[in-house]
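Trainee: I'd like to learn how to read a structure like this one. Could you walk me through it?

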Amino acid sequence: MKVLLTGAAGQLGQALLASAPQGLELLASSRSGGGDLLALDLSDPSACKAAVEEYRPDWVINAGAYTAVDKAESEPELAEAVNAGAPEALAAALKQRNGRLLQLSTDFVFNGRQGAPYRTDQPRDPLGVYGATKARGEEAVEAAFGGNGDGFILRTSWVMGPVGRNFALTMLRLHREKDELNVVADQVGCPSSTLNLASACWQAIQRRSEGIELPPVMHWSDAGAASWYDVAVAVGELGVELGLLKQTACVNPITTIDYPTPARRPAYSLLDCQGSRQDLDLKAEHWRSALRDVLKNVAH
Ligand SMILES: NC(=O)c1ccc[n+]([C@@H]2O[C@H](COP(=O)([O-])OP(=O)(O)OC[C@H]3O[C@@H](n4cnc5c(N)ncnc54)[C@H](OP(=O)(O)O)[C@@H]3O)[C@@H](O)[C@H]2O)c1
């Protein structure tokens, strides 16, 4: 089986590369290529189409994305091209060749106004440019494959791994640099370790390739719920326990109003993952235990 991976230099991309099942032909790509990576610029739909035609993958995992949530507010065209245009072009080209697509998406397609975990079938209603472009990417995949069992959307939330850019690594640095941190406590979601998320991606591909039916939209995060404040406190405590920090900063809970950002974010974006965990036959790990594993893999 041949798999084309986009966004291989990103935090999920690197976890997917590190955990790829044996016996699989993996063609990994990043925006500009280099090293073992092919070059594939997702903002160029003709390049996406050409990559599918040239490499003829059985699957594409589209882990590449424009993920700078605040910057997207001032670069909507680029965010649209990468987050909506690329999945549209990849889906159309794969459909022609009977290839399959695993499209990564986000809890930010929801408005966060409900107080219960979002089910896979609930309507999208994004608050910002990033969420809106990812939502259009989802729509493009659904339109191309029409629920025929070859196009899959895997939504996840608050992705954190041992490399790349993410909240946990930022907090680790700030615990080292500062005595005191103010962190938003009124946005609730759930972290997803790249290690567990990568396993979920490979499991989806493996099960579907074995002929097991999967729903066209799935949800994956670690288990439990947290605010950004909870995660910041946990990073400090785990950082000391694992010898990454000498001491923690004092973390103060603040409100979203006290921390204005260009993009509005959902106040509550927990994903209901229960059905998807059953579909994927994977057990959930509590986010704090998964975060511990992530931090254990951070270079000292
Ligand atoms: N991060 C989160 O908290 C989060 C939450 C929910 C869902 N997701 C979704 O999960 C998936 C993986 O995210 P991640 O956390 O691994 O993100 P990431 O670390 O930001 O990686 C995304 C990768 O996409 C690449 N990329 C951006 N524009 C590109 C372009 N024009 N052509 C080719 N590559 C391009 C980036 O390269 P550069 O570094 O060169 O820009 C980066 O390596 C994405 O679909 C994202 O939307 C992420």
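Mentor: Sure! Keep in mind that this is a predicted model. Let's begin with the ligand: H1 gives the most to the shell around the ligand, supplying three residues.

Trainee: Which other element supplies at least two residues of that shell?

Mentor: That's strand E5 (100-106), which joins H1 in supplying at least two residues each.

Trainee: How many residues surround the ligand, and which are the closest?

Mentor: There are 27 around the ligand, and the closest are Gly 7, Gly 10, Leu 12, Arg 31 and Leu 104. You can also sort a shell by residue class: here you get eleven nonpolar, twelve polar and four charged residues.

Trainee: Let's look at one residue. Where does Gly 13 lie?

Mentor: In helix H1, which covers residues 11-18.

Trainee: Is Gly 13 buried or exposed?

Mentor: For that, you count C-beta atoms around the residue, and 20 or more others within 10 Å make it buried. Gly 13 has 26 other C-beta atoms within 10 Å, so it is buried.

Trainee: And what is Gly 13 in contact with, leaving aside its neighbours within four places in sequence?

Mentor: Its partners are then Leu 5, Gly 7, Ala 8 and Ala 63. Gly 7 also turns up among the closest residues to the ligand. As for Ser 192, it sits 179 residues away from Gly 13 along the chain, with 14 Å between their C-alpha atoms.

Trainee: Now helix pairs. At what angle do H2 and H3 pack?

Mentor: Helix H2 (residues 45-55) meets helix H3 (residues 76-97) at about 30°, and their axes are 8 Å apart. Angles under 35 degrees count as roughly parallel, so that is how H2 and H3 run relative to each other: roughly parallel. H2 brings Pro 45, Cys 48, Lys 49, Val 52 and Glu 53 to the contact, while H3 brings Gly 85, Ala 86, Ala 89, Leu 90, Ala 93, Leu 94 and Arg 97. By class, that contact has eight nonpolar, one polar and three charged residues.

Trainee: Why is H7 oblique to H9?

Mentor: Look at the angle again. Helix H7 (residues 228-241) and helix H9 (residues 287-296) pack at about 50°, with axes 10 Å apart. That angle makes H7 oblique to H9. Their crossing is right-handed, and the crossing of H2 and H3 is right-handed too.

Trainee: Which residues meet there?

Mentor: Ala 234, Leu 238 and Gly 239 of H7 meet Arg 288, Leu 291, Arg 292 and Leu 295 of H9. Sorted by class, the contact has four nonpolar, one polar and two charged residues.

Note on methods:
Residues numbered from 1 in each chain as written. Predicted model: local features only at pLDDT ≥ 70, side-chain atom pairs only at ≥ 80, totals over all residues. Axes fitted to C-alpha atoms, helices over the stretch in contact; angles between N-to-C directions. Helix = DSSP H or I, 4+ residues; strand = E, 2+ residues; numbered from the N terminus. Parallel < 35°, antiparallel > 145°, perpendicular 65-115°, else oblique. Left-handed = near helix turned anticlockwise from the far one by under 90°. Contact = placed C-beta atoms within 7 Å. Nonpolar A, V, L, I, M, F, W, Y, C, P; charged D, E, K, R; others polar. Buried ≥ 20, exposed ≤ 12 C-beta atoms within 10 Å, placed from the backbone. Near = placed C-beta within 6 Å.
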